[in-house]
Amino acid sequence: MHGLLADARPVAREVLEQILQRGQLGREDIIAILSTRDAEDVDLIRKAAEQTLLEHCSDSVYYRGLIEFSNLCAMDCHYCGIRRGNTNVERYTLSIDEIVEAAKWCADSGYGSVVLQSGERSDPAFVDFVEVALRAIKAATVSEKLPQGAGITLSVGEQTLETYERFYSAGAHRYLLRVETTNPELFVKIHPTGQTLANRLNCLRMLKETGFQVGTGVMIGIPGQTIEMLADDLLFFSNIDCDMIGMGPYIVHSDTPLKDEFERDPLDKRDAMRISLLMIGAARLLMKDINMAATTALQAIDPLGREKALRFGANIIMPQVTPGKYRKNYLLYEGKPCVDEEKGDCLVCLAMRIKSVGRKIGQDDWGDSRHALEKSPQR
Ligand code: 5AD
């Protein structure tokens, strides 16, 4: 049995109700929440999380247009489809013009922010390229609606302090670096390229020092992961005082080493979905005013995955704006949705999805988290 089910410790409904009313979650409370299986109990958690979101954030859902600008990667992570060892991937890097065109489309379409994401490299040519791209996006997206240009979130992995400073000066003001798991042994097991948990934590610290709003997150359902580890992950997010979270289910990719282990001890999609939603709900209860993404991976295992996440306290959606012809080469996992589409296809589809859960779109706004804005106002 998968570790996430084997070590579950559910509690009686009355106890769960007390936990939700108390509002302050300790480790055992989080374990109880993540262990919940009964549909009515799950819905109690959902309601508490949704109410917390509406009280402490707003009913707006903010877009970040996701530009997956390169799938070249120097790392060999055991879970990821674009790991360097996967020779079945056609490698690409967008031109600066293609990146700017995608970012400009976002700004013109009311998406106040973009996310620039790629495989992980730290060679000088890559760092220079990212810096040029950031400055070009800023220059191209200034308008009356966005006087400081589009908000830019960067997601290009572990870098040096100097590199982080260069990226910040070039105009990125948010950075996503998922920790993937805070369990040191599991971290090393899935990251074979010399990465360590200690360095990942150091990068998160440096990003904060640099001035970035910092986002992190984990994958849910990694072979060997337990409910206790997930509870510790949530406490870690709270302890480092992060501003943003992105979490989703681990989804197998057949060209990766983790495939066999997952297939020996699979996690049913429904279980992965429930535990992912409970993670989002628990994160919202724990960190009331942060931004949290309804991630694409959720939609890969359930067509309504992102809407469900919004109802468990998520308030960010990252529509893909990578030019259509490249999308099939950025498959971190199998079954990634929207691979055959172009960026305009999302406009109507997402607006409908957001409306269907009673929320509205936060147009023409960077959509920084309240949590970050209270610490330091928008620059
Ligand atoms: N399943 C789910 N998420 C994945 N990621 C990478 N590979 C997978 C996978 N197989 C996530 C990681 C990474 C983010 C960009 O994508 O958490 O940080």
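**Close-up 1. The shell around the ligand holds eight nonpolar, one polar and two charged residues.** This is a predicted model, and here we look at what surrounds its ligand. Tyr79, Cys80, Met219, Pro249, Tyr250, Ile251, Leu332 and Tyr333 are among the residues around the ligand, and they are the eight counted as nonpolar. Gln117 is there too, as the polar member of the shell. Arg178 and Glu180 complete the list and supply the two charged residues.

**Close-up 2. Polar atoms of the protein meet the ligand at arginine 178, glutamate 180 and isoleucine 251.** Let us start with the charged side chains. In glutamate 180, a side-chain N or O atom is 2.5 Å from an oxygen atom of the ligand. For arginine 178, the distance from a side-chain N or O atom to a ligand oxygen is 2.8 Å. Isoleucine 251 takes part through its backbone, where an N or O atom lies 2.7 Å from a nitrogen atom of the ligand. On its own the ligand has 410 Å² of accessible area, and the protein covers 87% of that.

**Close-up 3. The largest cavity is where the ligand sits.** Step back a little from the contacts, and this is the space that houses the ligand.

**Close-up 4. A salt bridge joins arginine 166 and glutamate 131.** The whole structure contains 34 salt bridges. In the one shown here, the two side chains meet at 2.7 Å, N to O. Arginine 166 belongs to helix α7 (residues 161-169) and glutamate 131 to helix α6 (residues 124-141), so their pairing ties together parts that are 35 residues apart in sequence.

Notes:
Residues are numbered from 1 along each chain as its sequence is written. This is a predicted model: local features need pLDDT of at least 70, side-chain atom pairs count only at pLDDT 80 or more; totals for chains, interfaces and linings use all residues. Side-chain values use heavy atoms; hydrogens and water are left out. A residue is near a molecule or strand if one of its heavy atoms lies within 4 Å of it. A polar contact is a pair of N or O atoms within 3.5 Å; within protein, one must be able to donate a hydrogen and the other to accept it, and residues adjacent in sequence count only if both atoms are side-chain atoms. Accessible areas come from the Shrake-Rupley method with a 1.4 Å probe; for residues, only the protein chains shown count as cover. On a 1 Å grid over the protein atoms alone, a cavity is a set of points where a 1.4 Å probe fits but cannot get out, and a pocket is an open set with protein on both sides within 12 Å along at least five of seven lines; lining residues have an atom within 4 Å of a point. A molecule sits in a cavity or pocket if more than half of its atoms lie within 2 Å of its grid points. A salt bridge is a side-chain nitrogen of Lys or Arg within 4 Å of a carboxyl oxygen of Asp or Glu. Helices (H or I, at least four residues) and strands (E, at least two) are DSSP runs, numbered from the N terminus.
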